[in-house]
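Please open the model in your viewer and keep the selection tool at hand. The tour below moves from one selection to the next, and at each stop it says what is there.

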Amino acid sequence: MLAVFKTKNLSHLHLSVRLRALARNLWWTWNPESHHVFKELSPLVWRYSNHNAVAVMNEISNQELDARLRDHEFARRVHAVLEEFESYMTKPSTWAKRHATALKNPVAYFSAEFGLHESLPIYSGGLGILSGDHTKSASDLGIPFVGIGLFYRQGYFQQRLNADGWQEESYPSNDPEHLPLQLVLQPEGGRLLNSIEIGHSTVYFQTWAVRVGRATLYLLDTNLPENDQHFQGLTSTVYGGNIDTRIGQEIILGIGGVRLLQSLGITPSVFHMNEGHSAFLVLELLQQELKFRKTREEAEQVVRSKCVFTTHTPVPAGHDRFNSELMAYSFGKFWNSTGLTHEDLMSYGRVNPSDTNELFTMTVLAIKMSRAANGVSELHGHVSREMWKHIFPGKTVDEVPIGYITNGIHTPGWATTHAHDFWNKRLGSDWTEKLMEPKFWKKFADDELATDEELWALRYNLRRDLVEYARRQQVERQYGYSVGTSFATSHILSPDALTIGFARRFATYKRAPLIFRHLEKIIPLLSDTQHPVQIIFSGKAHPRDNEGKRFIQQIIGITRHPELIGKVIFLENYDINVARHLVSGVDVWLNTPRRPLEASGTSGMKVTIHGGLNLSIMDGWWREGYNGKNGWKIGDDQNDTDLETQDERDFERLIHVLSESIIPEFYNRDEDGIPHIWLKRIRNAMQTLLSQFSTHRMVGEYVQKCYINKER
Ligand SMILES: *Cc1c(COP(=O)(O)O)cnc(C)c1O
């Protein structure tokens, strides 16, 4: 089925066929010129489908496409994009060819969510974004790579806030017809079906392939008439349903993923479990090894040599756990064939194998059965070693074999078309290939590349985009889409004001309302007419997290405070698109997690290429990124003892740095209105953060520290 993508065979074919193929490879999402092309074909579908190239191409008949491609200027641009795409796909020299020749077979990367683009909503938050960015960088670097995930027909919910500011969820359906998905077929034709035993049932799944540059992502889907009604919906929502759904999804992901790869004839060089959701894959590998009548120890050793694991959760309660009865029920038939007992099974997921009261923990299974394990920042590595030290009796905390690889972002995918255009002109269009070269980014120190005036114009451009986006959302929300009415929007935000952004999942540890802890201290800053400050929020609370929903409601209440109207705004339905508007438009990105609970955080990394600056607690990635000159810190590199004190102190420090440093620096202008000191900080951030906090650097580290098994 993938033959259709072998683009070099297509070069003789008509542009229209090649363009339709491009719409089905998410490479276009990080190529700004393709955005222009798809948008131009049907601006309306482009907008209403949340920028979905497949939906656009489905809208355009062959007749129309042929006619429009007779416009030479348009055809020339389409041709240029296609040439770029096709040369990317067939490029003989890649980073991997130079640095990862030992990786002959694909890396199999398992994750419960993949956030690749706003038009493919099969992610809930940071974990998914990271998986998507990891996949894109693996493709850019030329690493043989397949992703394994689930196809969520209803995806993650869409958020609406009712008149009381309370979050309401709706689940629109993902129609494969209008998505860049290709049903995986058997060699002889007909859909490829695999199956798994769950409890007493046999559950079948089909698979969809998503092309992400040179990488392929396989999404498993149980929505089939062959399945009992309740298994048909097993993979329908991201982290949806009850504990039975959860374990069922994880069995499909882990065990199903291994079986899928075998049925495709793919023998991975390594199985990477991105978070514990997929850890059941080791049970399938173990079960298969035991069939060769190896001893249990030998089988475990073979499995361990193939697996690596990344943990993301610094709180014990955040880890998936299943009780003995549920495990016995779900795995009864499957595990019987191994000849091992139920207690043997449970022991793999217990810190203390002989403690029969202990639940089965996915993270424990993954740590025990991997040859390498890591957290996602230096501090999180430490927290993880502390949390899981009891798995390794006799080892000190520092000896616990859990390292760290700090997260990054796929910068070309996060840069807006505006930012791409700006940097293409100044850095050359191959700047996106220099993300692993810290030296290259030293150029930003240089006025020659972009003067302060030009950088400041970029900031104004991007800030205005955000302000207009926010105004449009607010107006449409209030008045619907009717045209012909004139709306006054100038009371909503100001394109001149210092703009702070805060957007992330409304998990309570992220403390979205912290900045409003004492309104009497923040209101004077926000309502200063000489030096105005505004804040834009966005984020979803998990559907079952009422405390998170109360946080949203609290922020909505503040947006209605008479002194703050138009100065504090909440944007509904946070997703990749909303995020891109925010991270490009803001001057300052605010991050106030309760230290040390933000394992890494990645949203703050997305502002740098746009000239945004970070203001953050010294947690996760920021305590590695901050150097005193490239942004601001809130508090020090240490924890407070009790939560009340921590909140109170962090609030005081936040107000202090805002009023003493950030606001004065932003409004410190020369006679032409240029804030040179501010811009110097932006230049410093670009030099020090862009290459370090990219997934190119991160994936390179995974290759060297984890994927290439030096012991073998
Ligand atoms: C980047 C991003 C995240 C992750 O942000 P954190 O800083 O890790 O909280 C979550 N959701 C979306 C839509 C994002 O773009």
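Begin by selecting helix H2, residues 32-41, in which Pro32, Ser34, His35, Val37, Phe38 and Leu41 are buried. If you then add what covers these buried residues of H2, your selection will include helix H1 (15-23), helix H3 (43-48), helix H4 (53-59), helix H5 (62-68), helix H6 (72-90) and helix H18 (417-427). As you look around, bear in mind that this is a predicted model.

Next, colour the chain by domain, using the assignment that gives domain 1 (2-90), domain 2 (96-157 + 171-407 + 700-707) and domain 3 (464-692). The centres of domain 1 and domain 2, taken over C-alpha atoms, are separated by 33 Å, and where these domains meet, 19 residues of domain 1 are in contact with 20 residues of domain 2.

Now select the ligand together with the residues around it. Which residues come nearest to the ligand? Of the 14 residues around it, these are Trp414, Lys510, Thr602, Ser603 and Lys606. Three of them are worth showing as sticks, beginning with Lys510, which has a polar side-chain atom 2.7 Å from an oxygen atom of the ligand. At Thr602 you should look at the backbone instead, where a polar atom is 3.1 Å from an oxygen atom of the ligand, while at Ser603 an N or O atom in the side chain is 2.5 Å from a ligand oxygen atom. On its own the ligand has 390 Å² of accessible area, and the protein covers 95% of that area.

Stay with this shell and colour its residues by class, which gives 5 nonpolar, 5 polar and 4 charged residues. Domain 2 and domain 3 each contribute at least three residues to the shell, and helix H8 (126-141) and helix H22 (576-585) each supply at least two.

Helix H22 is the next selection. Is this helix largely enclosed or largely open? It is largely enclosed by the rest of the structure, because 9 of its 10 residues are buried. The buried residues are Ile576, Asn577, Val578, Ala579, Arg580, Leu582, Val583, Ser584 and Gly585. At the N-terminal end of H22, add Asp575, which caps the helix with a side-chain oxygen that lies 3.0 Å from the backbone nitrogen of Asn577.

Move on to strand S18, residues 588-591, and select Asn591 within it. Asn591 counts as buried, because its relative accessibility is 7% and the cut-off for buried is under 20%. Leaving out residues up to four places away in sequence, Asn591 touches Arg504, Glu598, Leu615, Ser616, Ile617 and Ile634. With Arg504 there is also a polar contact of 3.3 Å between the two side chains.

For the last stop, select Ser324, which belongs to helix H13 (residues 324-336). Is Ser324 buried or exposed? Its relative accessible area is 18%, so it counts as buried, since this term applies under 20%. Apart from neighbours within four places in sequence, Ser324 is in contact with His342 and Met346, and a polar contact of 2.8 Å joins its side chain to that of His342. To finish, select Arg153 as well, which is 171 residues from Ser324 along the chain, and you will find 30 Å between the C-alpha atoms of the two residues.

Notes:
Residues are numbered from 1 along each chain as its sequence is written. This is a predicted model: local features need pLDDT of at least 70, side-chain atom pairs count only at pLDDT 80 or more; totals for chains, interfaces and linings use all residues. Side-chain values use heavy atoms; hydrogens and water are left out. A residue is near a molecule or strand if one of its heavy atoms lies within 4 Å of it. A polar contact is a pair of N or O atoms within 3.5 Å; within protein, one must be able to donate a hydrogen and the other to accept it, and residues adjacent in sequence count only if both atoms are side-chain atoms. Accessible areas come from the Shrake-Rupley method with a 1.4 Å probe; for residues, only the protein chains shown count as cover. Helices (H or I, at least four residues) and strands (E, at least two) are DSSP runs, numbered from the N terminus. Ala, Val, Leu, Ile, Met, Phe, Trp, Tyr, Cys and Pro count as nonpolar, Asp, Glu, Lys and Arg as charged, and the others, Gly among them, as polar. Domain bounds come from an automatic or database domain assignment. Buried means under 20% relative accessible area, exposed over 50%, partly exposed in between (1.4 Å probe, protein chains only). Contact means heavy atoms within 4.5 Å.
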